[in-house]
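Hi everyone, thanks for making the time this morning. I'd like to walk you through one model, so let's put it up on the screen.

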Amino acid sequence: MSHKRVKLVSRDGFEFVIDYKAACVSKTLNNMLGADGCFTESELGEIQLQELSGRVLEEVCRYFYFSLQNQDPNARGLGQFNVDPSIALDLLIAANFLDT
């Protein structure tokens, strides 16, 4: 995978360009992007996520970066990842699909 950035596209057409490392927080996306050309997504650096709305995908991207920050053993007091209750169920479904 030669891309340093990855474009994630929601079912309603919202596009989020995030760091490759952030996308790889998701085991599903990591497998798609690191499959040595087995998936079109690994070649293009773009993944269509028809299962997710733009609002949910935005929160998912925010979580990817939150997760990366919490991997640092020297990080202190980053707090909790707060979620809007109105999309909590959709985020649980997304987390299951993305294997995060």
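Let me start with one residue, Ile-87. Setting aside the neighbours within four places in sequence, Ile-87 touches Arg-55 and Glu-59. Please keep in mind throughout that this is a predicted model.

Where does Ile-87 sit? It is in the loop between α4 and α5. Is Ile-87 buried or exposed? With a relative accessible area of 5%, Ile-87 is buried, because the cut-off for that label is anything under 20%. There is also a link to Val-56: the two residues are 31 apart along the chain, yet their C-alpha atoms are separated by 7.1 Å.

Now let's step back to the whole chain. It has five helices and three strands, and reading along the sequence you meet them in the pattern β-β-α-α-α-β-α-α. Of the 100 residues, 35% count as buried. If you take the contacts with a separation of 6 or more, 60% of them come from residues 24 or more positions apart.

On to the sheet. Which order do the strands take? The order is β2-β1-β3, in an open sheet of three strands with mixed pairing. The edges belong to β2, residues 15-19, and β3, residues 46-49; each has a single partner strand, so one side of each has no neighbour in the sheet. On average, neighbouring strands here are turned by 25 degrees against each other, ignoring direction.

As a quick reminder, strands of a sheet pair through backbone hydrogen bonds, either parallel or antiparallel. In this sheet, β1, residues 5-10, pairs with β2 in the antiparallel sense over five bridges. One example you can find on the screen is Arg-5, whose bridge partner in β2 is Asp-19. With β3, β1 pairs in the parallel sense over four bridges, and there Ser-10 stands opposite Leu-49 in β3.

Have a look at the side chains of β3 as well. In a regular strand, side chains alternate between the two faces of the sheet. For β3, the covered face carries Ile-47 and Leu-49, while the uncovered face carries Glu-46 and Gln-48.

That leaves the helix pair on either side of the Ile-87 loop. How do α4 and α5 pack against each other? Helix α4, residues 54-71, and helix α5, residues 88-98, meet at an angle of about 60 degrees, with axes 10 Å apart. The two helices are therefore oblique to each other, and α4 passes α5 in a right-handed crossing. On the α4 side, the residues involved are Val-56, Glu-59, Val-60 and Phe-64; on the α5 side they are Asp-90, Leu-91, Ala-94 and Leu-98. By class, that makes six nonpolar, no polar and two charged residues.

My last stop is Phe-64, in helix α4. Phe-64 is buried, with a relative accessible area of 1%. Beyond the neighbours within four places in sequence, its contacts include Leu-8, Ile-18, Ala-22, Val-25, Leu-29 and Leu-98. Thr-100 is another of its contacts; the C-alpha atoms of Phe-64 and Thr-100 are separated by 8.7 Å, with their positions 36 residues apart along the chain.

So those are the two residues I'd click on after the meeting: Ile-87 in the loop and Phe-64 in α4. Thanks for listening!

Conventions:
Residues numbered from 1 in each chain as written. Predicted model: local features only at pLDDT ≥ 70, side-chain atom pairs only at ≥ 80, totals over all residues. Heavy atoms only, no water. Axes fitted to C-alpha atoms, helices over the stretch in contact; angles between N-to-C directions. Parallel < 35°, antiparallel > 145°, perpendicular 65-115°, else oblique. Left-handed = near helix turned anticlockwise from the far one by under 90°. Contact = heavy atoms within 4.5 Å. Nonpolar A, V, L, I, M, F, W, Y, C, P; charged D, E, K, R; others polar. Pairing = 2+ DSSP bridges. Buried < 20%, exposed > 50% of the residue type's maximum accessible area, 1.4 Å probe, protein only.
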